[in-house]
Amino acid sequence: LRDQRRQEWEGLAETKRQLEGRLEQESKPETVTLTAAALLALRRQVDSLTSVADQRSQAVASARTRLEALWGQLGLRVPDELEPQEVAMLEDPLPVGPQVLDWARRREMELTELVGQMQGESKVLRRRVQEWVSALSPFDVPTGEEDPDQPLLPLVQSLREREEAISAQAAAFLNREIASLETFGANAGHAEATGLAVRLRATASVVAALKALASVPHILAQRQEYARVLDLIASRHGVHAAMTQFDQETSDPARFHRRGYSGVEENRRRVDLQRQLRAIDAALGGVVQAWREVHGDLRVDGEVYSPPEVPDEAFSATETPTQWEARRSLAGDAIVTARSGGTADSVVTARRSTGSAEGSVTARRPPSGSGAAPEGPVTTRRDSGAAGGGGGRERLPGAPAARSTTIGAPSTGRSAAAGPSPGRSRPKPGLQRTGTGVPARPDRTLARCKTTPHA
């Protein structure tokens with residue numbers, strides 16, 4: 001019996017020391033008394049300490065539950081962003097000392113107050129961000145999106161970063177718009193755009209400046225239309241530069257002897273360049289005409305701009321791009337309409353080729369009996385002048401015959417039955433006399449000459 005009581009005494013004494021340690025109470029050494037009354041008293045002490053520890057454990061567990069909810073609401077990372085006391089509350093068994101509960105209550109109050117602050121700051125930041133988004137909504141400026149499911153601390157941080165990014169982006173956009181308006185006003189002579197740029201620079205608030213910019217959509221539309229005109233002009237310059245380069249390449253006669261030369265490819269490229277230029281000129285003429293009807297003269301770099309005129313005549317695929325460009329610049333002089341006898345129109349179309357030694361004039365004459373020249377096409381040659389600097393000649397209907405004669409057509413200066421002029425030999429079939437004493441390119445003879453260049 002003594003041994004049983006001693007064993008029971010030692011167990012109760014060890015449990016008491018442990019409970020006193022958890023409850024952070026001072027532990028006093030117990031005198032070993034193996035009487036029944038002493039054992040009963042020790043049992044009562046252990047039961048009391050156990051009851052206190054259980055009550056405190058329940059209180060600490062409730063406090064930990066509330067703290068865990070606040071941690072999740074704030075977005076605190078567990079356990080990296082927790083206090084040491086909070087980390088201890090995650091361990092088992094729970095600390096049940098009187099200071100643990102007091103600290104848990106203070107920590108709960110701190111976190112609750114922090115939640116209220118973050119909620120208020122998030123509302124303010126949302127309102128500011130919404131103002132920036134509203135100011136930038138009329139323009140194509142990305143503003144990002146908000147994740148409403150974030151905890152408070154990451155949400156507030158993301159709202160701060162978003163507000164900072166949007167404000168910087170809005171300021172940069174406004175500066176670009178002001179510079180663009182200044183350039184547009186100076187180049188196009190647009191006084192309203194220049195005045196708007198001055199007012200925007202004088203506005204201190206970026207949001208107010210953006211709202212003022214959005215209130216004048218007609219100026220922004222005019223600037224966009226003007227930018228399209230400038231793009232077309234730049235495209236035309238690029239195509240014209242390509243045509244000039246192509247003309248330089250095709251002006252070299254040595255290209256015929258290069259390996260891989262293709263006349264079909266050369267002609268395809270020439271036609272493609274001409275097609276591109278015609279399309280750009282047609283579009284450019286339309287937008288410039290529309291601008292003139294609404295805003296008056298179109299100005300580029302402060303000067304009135306006139307688009308190139310597109311003639312109605314057919315385009316030759318055999319002329320070089322430079323010759324075609326020169327003929328297009330003279331389109332106003334290339335078509336001449338004259339009335340003769342008051343009965344029919346005589347339309348004379350003069351084709352000019354830059355850099356060519358000759359030209360042609362084709363006339364459609366009125367019918368016979370009207371007092372005018374006989375019917376039928378009359379083809380004449382026009383010389384660019386001999387080495388002495390003589391000018392070219394054209395023969396229009398009713399004018400004296402020129403020295404240039406096309407073989408196979410009746411000559412107005414000498415009958416065909418009279419034969420050739422004295423001292424002159426009859427030209428060979430297939431050749432033409434150009435009036436310069438040098439035979440023109442033959443039909444088939446030159447094709448067989450590969451080494452000797454023709455005059």
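**Exercise 1. Name the buried residues of helix α7 and state how they are placed around its axis.**

Solution. The structure is a predicted model.
Step 1. Helix α7 spans residues 206–214, and its buried residues are Val207, Ala209, Leu210 and Leu213.
Step 2. These residues cover an arc of only 160° around the axis, so they lie on the same side of α7.
Step 3. A general rule helps here. An α-helix has 3.6 residues a turn, so residues three or four places apart point the same way.
Step 4. The buried residues of α7 pack against four helices: α4 (98–136), α5 (152–188), α6 (191–202) and α8 (217–250).

**Exercise 2. Find the residue that caps the N-terminal end of α7.**

Solution. The cap is Ser205. One of its side-chain oxygens lies 3.4 Å from the backbone nitrogen of Val207.

**Exercise 3. Describe the largest nonpolar core and the helices that supply it.**

Solution.
Step 1. The core has 36 residues, and those touching the most other members are Leu181, Leu200, Leu210, Leu213 and Leu284.
Step 2. At least two residues of this core come from each of α4, α5, α6, α7, α8 and α9 (263–295).
Step 3. Helix α5 gives the largest share, 8 residues.
Step 4. Another core, of 22 residues, lies apart from this one; Val100, Val115, Leu155 and Val156 are among its members.
Step 5. As a general tendency, nonpolar side chains in soluble globular proteins are buried together.

**Exercise 4. List what Leu284 touches beyond four places away in sequence.**

Solution. The residues are Val229, Leu232, Ile233, Arg236, Tyr305, Pro307 and Pro308.

**Exercise 5. Decide whether Glu266 is buried or exposed, and list its contacts.**

Solution.
Step 1. Glu266 is located in helix α9.
Step 2. Its relative accessibility is 11%. Buried means under 20%, so Glu266 counts as buried.
Step 3. With neighbours within four places in sequence left aside, Glu266 is in contact with Phe246, Thr250, Arg255 and Tyr261.

**Exercise 6. Compare the span of helix α2 with the expected span.**

Solution.
Step 1. Helix α2 covers residues 36–74, which is 39 residues.
Step 2. From first C-alpha to last, α2 reaches 57 Å, close to the 57 Å expected at 1.5 Å a residue.
Step 3. Just after α2 comes Gly75, with a positive phi of about 85°.

**Exercise 7. Summarise the protein as a whole.**

Solution.
Step 1. The protein contains 12 helices and 6 strands.
Step 2. Of its 455 residues, 29% are buried.
Step 3. The accessible surface is about 28,200 Å², and 51% of that surface belongs to carbon and sulfur atoms.

Notes:
Residues numbered from 1 in each chain as written. Predicted model: local features only at pLDDT ≥ 70, side-chain atom pairs only at ≥ 80, totals over all residues. Heavy atoms only, no water. Buried < 20%, exposed > 50% of the residue type's maximum accessible area, 1.4 Å probe, protein only. Arc of directions from axis to C-beta. Contact = heavy atoms within 4.5 Å. Polar contact = N/O pair within 3.5 Å; in protein donor to acceptor, adjacent residues only side chain to side chain. Expected span 1.5 Å × (residues − 1). Areas by Shrake-Rupley, 256 points an atom, 1.4 Å probe, with all protein chains shown as cover. Core = buried A, V, L, I, M, F, W, Y, C linked by side-chain atoms within 4.5 Å.
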